[in-house]
Number of protein chains: 2
Amino acid sequence: MSAVPTTSRRPSLPGASRPADRAALVDGLRASLDAGAAEVRDECRALDVEALAPAAEPLPMEEHRARVTAQLASLAGRSFVADGFPEHQGGTGRYARAVEAFEMLGHTDLSLFVKAGVQWGLFGGAVSLLGTERHDHLLPRIISGELQGCFAMTETGHGSDVQRLETTATYDPATDEIVVHSPGPGARKDYIGNAARDGHLAAVFAQLVVGEEQHGVHCVLVPIRDDAGHPASGVTVGDDGAKLGLGGVDNGRLSFDHVRVPRTNLLGRYGDVNEHGVYSSPIENPSRRFFTMLGTLVRGRISVAGGAGAAARTALTVATRYGDARRQFDAPGRDAEAALLDYRTHQRRLLPRIATAYALQFAQHDLVDAMDDVLSGRVADEGDRRRLEARAAGLKAVTTRHTTDTVQECREACGGAGYLWANRLAATKSDTDIFTTFEGDNTVLLQLVAKSLLAEYRSTFGDLDTLGIVRFGARLTAGTFVERSAARALVQRLVDATPGREDEVVFAARATQLSLLREREEHLVEGVARRLRRADAPGVDAFEAFNSCQDHLVEAANAHVDRLVLESFATAVERCDDPDVARVLGRVCDLHALSTIERHKGWYLEHDRLGASRTKAVTALVNELCAELRPLATVLVDAFGIPEAWLRTEMLEGDTVG
Amino acid sequence: MSAVPTTSRRPSLPGASRPADRAALVDGLRASLDAGAAEVRDECRALDVEALAPAAEPLPMEEHRARVTAQLASLAGRSFVADGFPEHQGGTGRYARAVEAFEMLGHTDLSLFVKAGVQWGLFGGAVSLLGTERHDHLLPRIISGELQGCFAMTETGHGSDVQRLETTATYDPATDEIVVHSPGPGARKDYIGNAARDGHLAAVFAQLVVGEEQHGVHCVLVPIRDDAGHPASGVTVGDDGAKLGLGGVDNGRLSFDHVRVPRTNLLGRYGDVNEHGVYSSPIENPSRRFFTMLGTLVRGRISVAGGAGAAARTALTVATRYGDARRQFDAPGRDAEAALLDYRTHQRRLLPRIATAYALQFAQHDLVDAMDDVLSGRVADEGDRRRLEARAAGLKAVTTRHTTDTVQECREACGGAGYLWANRLAATKSDTDIFTTFEGDNTVLLQLVAKSLLAEYRSTFGDLDTLGIVRFGARLTAGTFVERSAARALVQRLVDATPGREDEVVFAARATQLSLLREREEHLVEGVARRLRRADAPGVDAFEAFNSCQDHLVEAANAHVDRLVLESFATAVERCDDPDVARVLGRVCDLHALSTIERHKGWYLEHDRLGASRTKAVTALVNELCAELRPLATVLVDAFGIPEAWLRTEMLEGDTVG
């Protein structure tokens, strides 16, 4: 792609006033958004959408739980459930397909999405990925929903700091059993989905003790209920009760009083105890072992990012249709009242967020594909696995933040109508709120991303002098350091084609957009690496030194994810071979890129990457793009392809009369 | 006050490790925060706080409504209810006291706060302020709660655009009655508090028609239920049903089918119909009449700002205590795990928001005092009234935005514990969400503020040339243009004492902080005035021209409110005569001011008001202030003085064990 003139001189966007043109555009954009997942998404769209639709009004907690349990059971026979497991465990090993299908559930009642994630993603995933052959027989019953389970990791005392969990799993050679125990109130497992009502078997994370030796956190299967549904002996089950949202998920608490299970209940793939009571592990280093175990569970974070993205698209669809239909105030100099979306402030609320929703959808597909490579074993390099984990952590943080912000903005953009339960926004807002916390608090996750960037930085450039660090920037996107994504070659080609910074048209060039995001990432990573290196000096208070870099770390991680996301979008635009659709997609990509740059204009100015006239030009372009895309606003959201029964746009009914 | 050195060279803050020192500091800060409202606030703190506390779990809608109705009845005899009405209507005319007391209800179940606001603020306020002597007899029954009512303004078709309401009130000379009618579905009154269950009389806003003539929107009292609670003849009552929050408020819908009421039901203070069927008004111009009528209802917006501020303080108290108690992750180089609040990212989440909560509390007091001047008649100038309305609109928008943002951040800062209904955050989040919309959508309100600024600008400088416009800046804070607040003299003194921009210490000087906020306001107001003037040129599309300035208008209004808020805080610091308390308050004010400036660093750089080294220094100072105030974090929130029963910090119970 070569330099493109400013939007006003660019070829105008295809019209959508004729129904046939509109439908073609919606279909084309949808095909692009669905990408390789089109077939499984259409399968989901053909489900009994009425039965899976969210309840029309808030249900009492127990009723809601029962409803979601029944909805879950109705999904159990679907092919996409088995897709999440390998063939030798009764599945089909089509991991990407499974995650893409679950993402569609993010448009239904999010309690169903979470409940399915607990049963098949977390609980099933733990048995599948941490267990050994002796656990494989459980999986067909897990896939069918006959055996319901929990993923019991988080404790009251420790949430994010999993390595310090207090629950113990002590091997007793006398009986060849493992004794699972909660030594104090902080060891209580908390917020555990499926624990309060439905779960019968729990995958419990605990400190494994064999003989005198502590082997760190491992996972043990513990029955928590008998067939009659009563708590198993020694297990105390509590109910977390009502929550801000997700009322259909039975989160609960589990405590264990010296509960004995057979030794073989240890999910021993990464650390096992044999019949002689001897511990062994394929991974010597306990810390590496721990992080490898956690790393296998990456699918959970990826699924949360997917569901969060879906929820944001639901909200944007509702709010955009409302903004397009509802009219308020006379438009000066015009005959009719203007639609809300004709106002710049309203366009500013919704259109850049629609653009970012597109960007995140493409980034999510790329992430899911990378996950599929790793889970299927096609990619087995440890570095690739680590990069996948960092990318999953980063995209989960950025997408869930986008969702919280977007759903809020959509609610406000619908005024009082957005506050009524009768539309989808109220539940979507309450339900998604916790997404920023679960599967890892976002602030903690972004620090993980930054640390992973720094680890790569150090392993590559650890002993370089200042000049070496400066050169690091040039290499950052050159393949040594960043993940090898399909976007790589393209991006390099685009960057090479940068037309220089002398022209006002520069911001409309994809290459400029990519360069700006890359520069910010490089500078932030280099800077924090320098600061942390200084912190290693003798006499420096290590905590203070680390702590003073913490916001810098988080910013570097955000900048990294911003760059990856834009690369995914740029690649998707290039991939599109329908010229009309590609033109629209390109303009949406511009809006995403430029509003990202605008959000960080303080940084660009402060670091002399852009002058004041340039940052003002960015703002002007964002406004221009909003106006240009406004006539296509409902086209852009219809292309999300959300079944009408899952949208519930009753709020629009009385409103076009105004 | 003269220039102060950077924080590190400033006298250190008083300690709070000894219980007596801590208590003295809490008391001193509370006295400062309560200011003139200390007595009525203590009266509220001495209420039966258990009975007024929010329910421990979400209640079914009807049960919640009944509970709130009962709580409301228990408040009816309190002196602060009568305080909101003049003596000749059975009140005491202590308006500030009434609003300050309602603000305290913002710490209880917010359904109670809203329900009280509907009954006494909106419905009672309409009868009191728009009615004539013939309606005075109703007020004792409204004050006592015997007569419950609604404020029926918003329609399905028109929310913000009140002037275009569709409901009609037509005078029928044949029977000397007024016929209230909803001509279509868009005319349906919607989201009306007290309509679905409890209200018997509604203050209905409708287009008044007398003979052939339309007189614009007026307010008519219409009975909507009979004594048995059934809808009155011709009145259709609907229920808005479940909402995202505020489950205890019975919002509903009202439609009127040629409902006849006596002519004397017209609340005729600003436009009446006499026994001969002749319309008259003390205000000739219909538009001015309309805005005068709306203006009398300013108390509603002021109360919403107060309640929103209170809710943010509730959330900050819960989250700060949690962040102080909960420990996660080993602190490198230290023996113990660090408390969440020891981490910079966590300090950044909470401390600047605590500082802004202080700032908004002081601004709220000043606003309430100005309102008291107007309602009591001590100030009768129309300009002062208009300025009060603009200030109320602006502070409502800024405070409710702060609240939505702060409650969200507090929820996330408490992780999973913040999501459980058992703590106050879940309900606070759901309940306050609509505050950005009701009593005026924030985006619309900020445009009102900007238009008011521009009106003053034009009336003062309308025919000036460019030089005149430039000089406008100098006059902006010199008394011609801005409201005459108590802060004026002080601010001028501080600005005069500016030590120049040459020194790094400059940001710690209040004068610098004030100047920076003022410069931003001036520049934005001048700029938008220039742009709108150009838009007046012939051949310009008026809608496009206005629309392209819309974001600029909103930014100007925000900058205006930012400046007012900082002035209030600066004045409060000066007023404080306890040196220890003043030192703490001063530092909190610094944090508020500098984090406000930091948020707009892009603007300051883009407009060459600050260089890059200066904006970086601001960021460094914000970090330093966070670290410095961290040991006093729980002192700062305890000073909010919220009864423990209204905080419900169960979430902390299991958490200090970790």
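A polar contact here is a pair of N or O atoms within 3.5 Å; inside protein, one of the two has to be able to donate a hydrogen and the other to accept it. Keep that in mind for the first close-up, and note that everything below comes from a predicted model.

**Figure 1. The start of helix H13 in chain A, with Asn423(A) reaching over to Leu425(A).** A side-chain oxygen of Asn423(A) comes to within 2.5 Å of the backbone nitrogen of Leu425(A). Helix H13 of chain A covers residues 424-432, and nine of its nine residues are buried, so the rest of the structure largely encloses it. Among the buried residues are Arg424(A), Lys429(A) and Asp431(A), along with Leu425(A) and Ala426(A). What do they pack against? In chain A the partners are helix H7 (110-130), helix H10 (298-325) and helix H12 (382-413), and chain B adds its own helix H13 (424-432).

**Figure 2. The contact between chain A and chain B.** Each chain brings a share to this one: 85 residues from chain A and 85 residues from chain B. Between them the chains bury about 6800 Å², with 53% of it on carbon and sulfur atoms. In chain A, the residues that lose the most area to chain B are Tyr419(A), Phe543(A) and Glu606(A), together 12% of what that side buries. Glu606(A) also pairs across the interface, its side chain meeting that of Lys601(B) in a salt bridge at 3.1 Å, N to O. Overall, 10 salt bridges cross between chain A and chain B, and 45 residue pairs are in polar contact, both residues at pLDDT 80 or more. Helix H18 (residues 542-548) of chain A supplies the largest share of the chain A side, six residues. By class, that side has 27 nonpolar, 27 polar and 31 charged residues.

**Figure 3. Salt bridges on helix H17 of chain A.** Arg518(A) and Glu522(A) form a salt bridge, with their closest N and O atoms 3.2 Å apart. Both sit in helix H17 (residues 510-535), four residues apart, about one turn of the helix. An α-helix has 3.6 residues a turn, so residues three or four places apart point the same way. Buried or exposed? Both Arg518(A) and Glu522(A) are buried. Glu519(A) pairs with Arg609(A), the closest N and O atoms being 2.9 Å apart. Glu519(A) is in helix H17 while Arg609(A) is in the loop between helix H21 (601-606) and helix H22 (612-629), so this salt bridge ties together parts 90 residues apart in sequence. Glu519(A) is buried at 16% relative accessible area, whereas Arg609(A) is partly exposed at 27%.

**Figure 4. Helix H2 of chain B and the loop before it.** Arg45(B) forms a salt bridge with Asp42(B), with 2.9 Å between the closest N and O atoms. The two are three residues apart in helix H2, or about one helical turn. Arg45(B) is buried, with 16% relative accessible area, and Asp42(B) is partly exposed at 43%. In the loop between helix H1 (19-34) and helix H2 (38-45) of chain B you'll find Ala35(B). Phi of Ala35(B) is near 50°, a positive value in a residue other than glycine, and the residue is partly exposed at 28% relative accessibility. Over in chain A, a network of salt bridges links Asp34(A), Arg41(A), Asp42(A), Arg45(A), Glu100(A), Glu103(A) and Arg313(A).

**Figure 5. Cysteines without a partner.** The count of disulfides over all chains is zero. Why is Cys219(A) unbonded? The closest cysteine sulfur, in Cys150(A), is 11 Å from its own, too far for a bond. Cys219(A) is buried, at 0% relative accessibility. Cys410(B) is in no disulfide either, the nearest cysteine sulfur being that of Cys414(B), 6.8 Å away. Cys410(B) also counts as buried, at 0% relative accessibility.

**Figure 6. Two more spots in chain B, Tyr191(B) and Arg630(B).** Tyr191(B), in strand S4 (residues 189-192), has a positive phi of about 60° although it is not a glycine. Tyr191(B) is partly exposed, with a relative accessible area of 25%. Arg630(B) is in the loop between helix H22 (612-629) and helix H23 (633-638) and is buried at 11%. Leaving aside neighbours within four places in sequence, Arg630(B) has contacts that include Asp324(B), Asp342(B) and Gln347(B).

Notes
Residues numbered from 1 in each chain as written. Chains lettered and ligands numbered in written order. Predicted model: local features only at pLDDT ≥ 70, side-chain atom pairs only at ≥ 80, totals over all residues. Heavy atoms only, no water. Contact = heavy atoms within 4.5 Å. Buried area = accessible area lost by both parts, 1.4 Å probe. Salt bridge = Lys/Arg side-chain N within 4 Å of Asp/Glu carboxyl O. Nonpolar A, V, L, I, M, F, W, Y, C, P; charged D, E, K, R; others polar. Disulfide = S-S within 2.5 Å. Buried < 20%, exposed > 50% of the residue type's maximum accessible area, 1.4 Å probe, protein only.
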